[in-house]
Amino acid sequence: MSGFDLWHRLAAGRLAALMPALLLPALLLPVPMAAAPALAGPLERTEPGHMAPPQPGADLPFASPIVQFALPPQWMTIRSKEDWRKAGTFEKELSKDCAALRFGEITPMRFRAYFNGQVMGVAFGHGLNLHDPGKKADPKKIYLFRNGDSAGCTVQSMDNKDPRVNPAAGQAATPAGGGFKKY
C-alpha cells in the first residue's frame, strides 16, 4: 500500500479497517525486559521459621489424615460366609434402573453386607437408604447393591426376616397367637 492510498484512507475516516494492519507490526516488536533483580543469596526452599525437610534416613513423622467433614456412620447389617450370588434373587429390571440412576442407595455403603470377602451396599424396601422415585421397591424386601455407584450396578433382593416389617416371614419364630412372648 503506497503512502498516497494510506493518506486517502485516513482522510476518508476508514481508520478502523486499517487498525489491525497498523497494530500487528507494533505487537510483534520485541519489548525490552527490565533487568532481573540481583539475588541476595541462595534460594531457600521454605519460608523462614518453617520446618526444615527431614534428613535422609530419618523416620518421617506420622500425620493424621485431613478430613474436612466427618464420614457418616456405617453399619454392618449382614455378615455371611456364603457367596454373594446365593444371597438373594437377582433383579434384572432393578439392576437396569440402578445403572440409569433411577433406583439405588441414598448414601452409598451406609448399610453394608459382607459376603465372603465381597462388601455390598444395603437399602431397605420400606424406604430406609433407598432412592426409588418410580416406587418399584417391595416394602418386605432388602436390596443388595454390588457396584451401586457405576453403570455396572447389580441389584439382588432378599426377604426381610424382621417380624415388624414382614409378619409372614417371622411367623415361625413367633408364638401361635401372633403376639410376642413376655418374659
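Is Glu93 buried or exposed? In this predicted model, Glu93 has a relative accessible area of 52% and is therefore exposed, the threshold for that class being over 50%. The residue belongs to helix 3, which spans residues 92-99. Lys96 lies in helix 3 as well, three residues from Glu93, a spacing of about one turn of the helix. The side chains of Glu93 and Lys96 form a salt bridge, with an N to O distance of 3.9 Å. Lys96 has a relative accessibility of 47% and so counts as partly exposed.

The Glu93 and Lys96 pair was examined together with other charged pairs. Side chains of opposite charge can pair when their charged atoms come close. Five salt bridges were found in a search of the whole structure. One of the pairs consists of Lys136 and Asp97, whose closest N and O atoms are 2.6 Å apart. This pair connects distant parts of the chain, since 39 residues separate Lys136, in the loop between strand 6 (130-131) and strand 7, from Asp97, in helix 3. The two partners fall into separate accessibility classes: Lys136 is partly exposed at 48%, whereas Asp97, at 5%, is buried. Asp97 also belongs to a network, in which salt bridges with shared partners join Asp97, Arg102 and Lys136. A further salt bridge is formed between the side chains of Arg85 and Asp83, at 2.9 Å from N to O. Arg85 is exposed because its relative accessible area, 53%, is over 50%. Asp83, at 26%, lies between the limits of 20% and 50% and therefore counts as partly exposed.

The strands were considered next. Six strands make up an open sheet with mixed pairing, and their order is 1-4-5-7-8-2. Strand 1 and strand 2 (89-90) are the edge strands, each pairing on one side only. Helix 3 lies across strand 2, strand 7 and strand 8 (154-159), and its direction makes an angle of about 135 degrees with strand 8.

Within the sheet, strand 4 and strand 5 are antiparallel and pair over four bridges. These two strands form a hairpin with two residues between them. Asn116 is in the turn of this hairpin and has a positive phi of about 50 degrees. Facing pairs include Tyr114 opposite Val119 in strand 5 and Ala113 opposite Met120 in strand 5. Strand 5 is also joined to strand 7 by four bridges, and this pairing is likewise antiparallel. Here Phe124 stands opposite Ile142 in strand 7. Strand 5 is largely enclosed by the rest of the structure, because five of its seven residues are buried.

Several residues of these strands belong to the largest nonpolar core, which has eleven residues, among them Ala113, Met120, Phe124 and Ile142. Strand 4 (111-115), strand 5 (118-124) and strand 7 (141-146) are the elements that each give two or more residues to this core. A second core, separate from this one, has ten residues, including Leu94, Leu130, Ala137 and Cys153. Val122 is one of the residues of the largest core. With residues up to four places away in sequence left out, the contacts of Val122 are Glu105, Phe111, Arg112, Ala113, Asn129, Ile142, Tyr143 and Leu144. Among these contacts, Phe111, Ala113, Ile142 and Leu144 are also listed in the largest core.

At the edge of the sheet, Ser80 is placed in strand 1 (residues 75-80). Its relative accessibility is 19%, which is under 20%, so Ser80 counts as buried. A polar atom of the Ser80 side chain lies 3.2 Å from the backbone nitrogen of Glu82. Leaving out residues up to four places away in sequence, Ser80 touches Tyr114, Phe115 and Asn116. Of these three, Asn116 is in the turn of the hairpin formed by strand 4 and strand 5, and Phe115 is part of the largest nonpolar core.

Key: Residues numbered from 1 in each chain as written. Predicted model: local features only at pLDDT ≥ 70, side-chain atom pairs only at ≥ 80, totals over all residues. Heavy atoms only, no water. Buried < 20%, exposed > 50% of the residue type's maximum accessible area, 1.4 Å probe, protein only. Polar contact = N/O pair within 3.5 Å; in protein donor to acceptor, adjacent residues only side chain to side chain. Contact = heavy atoms within 4.5 Å. Core = buried A, V, L, I, M, F, W, Y, C linked by side-chain atoms within 4.5 Å. Salt bridge = Lys/Arg side-chain N within 4 Å of Asp/Glu carboxyl O. Pairing = 2+ DSSP bridges. Axes fitted to C-alpha atoms, helices over the stretch in contact; angles between N-to-C directions.
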